[in-house]
Amino acid sequence: MPESVQTTNGSASQPKSWFTPTRGASAWLWLSLIVIVLDQVTKALVTKTLDLYERIELLPVLDLTHLHNTGAAFSMLATAPGWQRWFFILLGITVSAGLMVWLRRLRSNEQTVLAIGLSLVLGGALGNVIDRVWLGYVVDFIHVHWDRVGFSFPAFNVADSAITVGAVCLFLDAFLEGRKKK
């Protein structure tokens, strides 16, 4: 067991170890909560106002449409016989737990971009897990397309958007950290 460390004021402090809990960047969890609330509210509005597969054109390249996704991103495994629901729930909970631990271990005042990215991914992951637990599928409703050139992006939701923006933040943080080390 490591011995205590003497501080500059003469008092002994406990040593830090890999499992010592810290507050870290968990102060950013409010951002995850906002993502979850926005995601669930928008999905509830879509479910209440649009029938399944109904579409409302907002712009020539943007529709609101009510879809159910039993698969993962881009509807991967959507045609599987049902085991994917529990797999994605377990995966989402496991990833979320890991992200919470990571957030707690961050130096919040030095790693803001990373904390924001992790919080956005966490909120998005939990938003979609909530759908899978309660509904058995994820409600998607944002559809971006450009019919003139035959482009149609798979429908997505607020949680998916948060995960995407969060992933961009993670890459940006890695890039910035790499530049600091040079």
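The exercises below work through the salt bridges and aromatic pairs of a predicted model.

**Exercise 1.** Determine which residues are linked with K43 in a network of salt bridges, and where in the chain they lie.

*Solution.* Begin with the partner in the same helix as K43: D39 and K43 both belong to helix α1, which spans residues 29-49, and they stand four residues apart, about one turn of the helix. Between D39 and K43 there is a salt bridge whose closest N and O atoms are 2.7 Å apart, and both of these residues are buried.

Next, turn to D131, which also forms a salt bridge with K43, here with 2.8 Å between the closest N and O atoms. This second pair joins distant parts of the chain, since D131 sits in helix α3 (residues 112-135) while K43 sits in helix α1, the two being 88 residues apart. D131 is buried, as is K43.

Taken together, the two contacts give the result: D39, K43 and D131 are linked in a network of salt bridges.

**Exercise 2.** The structure holds three salt bridges; for the one between D63 and R55, give the N to O distance, and decide whether D63 is buried or exposed and whether R55 is buried or exposed.

*Solution.* The distance comes first: the side chains of D63 and R55 meet with 2.7 Å from N to O, which is a salt bridge because the cut-off for such a contact is 4 Å.

For the accessibility of each partner, recall that buried means under 20% relative accessible area and exposed means over 50%. D63 has a relative accessible area of 1%, and therefore counts as buried. R55, by contrast, has a relative accessibility of 52%, so R55 counts as exposed.

**Exercise 3.** Classify the geometry of the aromatic pair formed by W83 and F87, and state how the two residues are placed in their helix.

*Solution.* The structure holds five aromatic pairs. In one of them, W83 and F87 lie 6.0 Å apart from centre to centre, with 65° between the planes. Ring planes over 60 degrees apart count as edge-to-face, and the pair of W83 and F87 is accordingly edge-to-face.

As for placement, W83 and F87 are both in helix α2 (residues 83-105), and because they are four residues apart there, about one helical turn separates them. W83 is partly exposed, at a relative accessible area of 44%, and F87 is likewise partly exposed, at 40%.

The final step looks beyond this pair: ring pairs link W83, F87 and F88 into a cluster.

Methods: Residues are numbered from 1 along each chain as its sequence is written. This is a predicted model: local features need pLDDT of at least 70, side-chain atom pairs count only at pLDDT 80 or more; totals for chains, interfaces and linings use all residues. Side-chain values use heavy atoms; hydrogens and water are left out. Rings of Phe, Tyr and Trp (its six-membered ring) pair if their centres lie within 6.5 Å; planes under 30 degrees apart count as stacked, over 60 as edge-to-face and the rest as tilted. Buried means under 20% relative accessible area, exposed over 50%, partly exposed in between (1.4 Å probe, protein chains only).
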